[in-house]
Amino acid sequence: MADAQTSMKTKARVTLHDVAREAGVSKSTVSRMLDERLPNSDSPKARRVREVAQKLGYVRDLSAASLRRGSTGTIGVIVPRLTDTVMAMFYEAVSAAAAQQGRFAIVATTDDNPEASRNAAEALIRRGVDGLILTTAREGDHFGDELRERGVPFVYALRHNGASAASVGDDQFGGYLATRHLIDLGHRRIGIVAGPDYATSSRGRLDGYRQALAEAEIEIEPELVVASTFSIESGEEAARNLMQLVNPPTAIFAINDNTAIGSMSAIIQSGRSVPNDISLVGYNDIPIVSRLPVPLTTVRVPFDRIAELALQQLFGENEGGIRRVTPTLIPRRSTAPIG
């Protein structure tokens, strides 16, 4: 990853002036020879310019060019994957909000890989987007600093890196709501499918879980906190581990609806039922969970509002800081009072 960071920074520092000096031509000549919108010249001078540009690692900054020419009316949205319903819902919310402003949203996926996220951002920048909305933040990541140094408008959404502007759900409050609901139903031994530690969204929900238990004076037992990714398969594995405990929980809070669906599968495979044996709460309220054989209690996140705030921050309205949107508990049949 360090090599990728160094590479991007090096490319960002190479300018038209650098290429012109090395090739022994004027800056305007370099600009003209490397402008992809113009016919490709095969003259010795043009070949020399292209060779020097490639040797130096010059990458034409289309974002700066578009700013000189005026807005392109496009926004780049970077998500881990569109097979994740949450990310698809958020992209649709951004697309709808952007359309109301006369803008068009372009999406790129990265499989939640930091290097792939950088490559996707670079590709979108080179295509002249007016700004980036990033859902792939990791706390402590310095990618935002690099974008800021280059003058690229950006904002994080759904997750943040602890320093840059971001529009997110109030994950700690949402985790508190989910856990408090289970406590109010009489549950005291509550497991959590806790998600990955690198994502501020899952860490915030875990903090909310801990807050609710501490408030109710319930001891937090390490064996009930099981790490996962955001996938159905990971949720199934985590819940299976919880079911195999000598003293399994009577309720589970899964960090998102995907892991809750996987958890429900593991609970049923263990010979137990939801909610008679195990109450279950998810997070995000994706459309399918209300139509499961046992409709899922979950925490609803207002993606449309998060998208609106992200666009406001991206284009200078209420910019800066971390804007948090309040989620709502949606009780359904997957939770019940402890028997």
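**Helix α12 and its surroundings**

Immediately following helix α12, Gly271 adopts a positive phi of about 90°. The model in which this feature appears is a predicted one. Helix α12 itself covers residues 257-269, a run of 13 residues. From its first C-alpha to its last, α12 reaches 18 Å, close to the 18 Å expected at 1.5 Å a residue. At the N-terminal end, α12 is capped by Asn256, which has a side-chain oxygen 3.4 Å from the backbone nitrogen of Asn258.

Asn258 is also one of the buried residues of α12. The others are Asp257, Thr259, Ala260, Gly262, Ser263, Met264, Ala266 and Ile267. These buried residues pack against one helix, α11 (232-243), and against the strands β6 (190-193), β8 (251-254), β9 (279-281) and β10 (298-300).

Several of these strands belong to one sheet. The sheet is open, has 4 strands in the order β7-β6-β8-β9, and shows parallel pairing. Its edge strands are β7 (225-226) and β9, each of which pairs on one side only. In general, the strands of a sheet pair through backbone hydrogen bonds, and the pairing is either parallel or antiparallel. Between β8 and β9, the parallel pairing extends over 3 bridges. Phe253 has Val281, in β9, as its bridge partner. Helix α11, against which α12 packs, lies across β6, β7 and β8 and runs at about 155° to β6.

Phe253 also takes part in an aromatic pair. The count of aromatic pairs in the model comes to 2. In one of them, the ring centres of Phe154 and Tyr156 are 5.8 Å apart and the ring planes stand at 80°; because planes over 60 degrees apart count as edge-to-face, this pair is edge-to-face. Both Phe154 and Tyr156 are buried. In the pair formed by Phe253 and Tyr283, the ring centres are 6.3 Å apart and the planes are at 40°, so the pair is classed as tilted. Phe253 lies in strand β8, whereas Tyr283 lies in the loop between β9 and β10, so this pair ties together parts that are 30 residues apart in sequence. Phe253 has 0% relative accessibility and therefore counts as buried. Tyr283, also at 0% relative accessibility, counts as buried as well.

Tyr156 is in turn among the contacts of Asn161. Asn161 is located in the loop between β4 (154-157) and β5 (166-169). Although it lies in a loop, Asn161 counts as buried because its relative accessibility is 6%, and the limit for buried is under 20%. The side chain of Asn161 has a polar atom 3.0 Å from the backbone nitrogen of Ala163. A polar atom of this side chain also lies 2.9 Å from the backbone nitrogen of Ser164. When neighbours within four places in sequence are left aside, Asn161 is in contact with Ala137, Arg138, Glu139, Gly140 and Asp141, in addition to Tyr156.

For the chain as a whole, the secondary structure comes to 13 helices and 12 strands. The chain has 339 residues, of which 52% count as buried. Among contacts in the chain with a separation of 6 or more, 70% are between residues 24 or more positions apart.

Methods
Residues are numbered from 1 along each chain as its sequence is written. Side-chain values use heavy atoms; hydrogens and water are left out. Helices (H or I, at least four residues) and strands (E, at least two) are DSSP runs, numbered from the N terminus. The expected span of a helix is 1.5 Å times one less than its number of residues. Buried means under 20% relative accessible area, exposed over 50%, partly exposed in between (1.4 Å probe, protein chains only). Contact means heavy atoms within 4.5 Å. A polar contact is a pair of N or O atoms within 3.5 Å; within protein, one must be able to donate a hydrogen and the other to accept it, and residues adjacent in sequence count only if both atoms are side-chain atoms. Two strands pair if DSSP finds at least two bridges between them. Axes are lines fitted to C-alpha atoms, for helices over the stretch in contact, and angles run from 0 to 180 degrees between N-to-C directions. Rings of Phe, Tyr and Trp (its six-membered ring) pair if their centres lie within 6.5 Å; planes under 30 degrees apart count as stacked, over 60 as edge-to-face and the rest as tilted.
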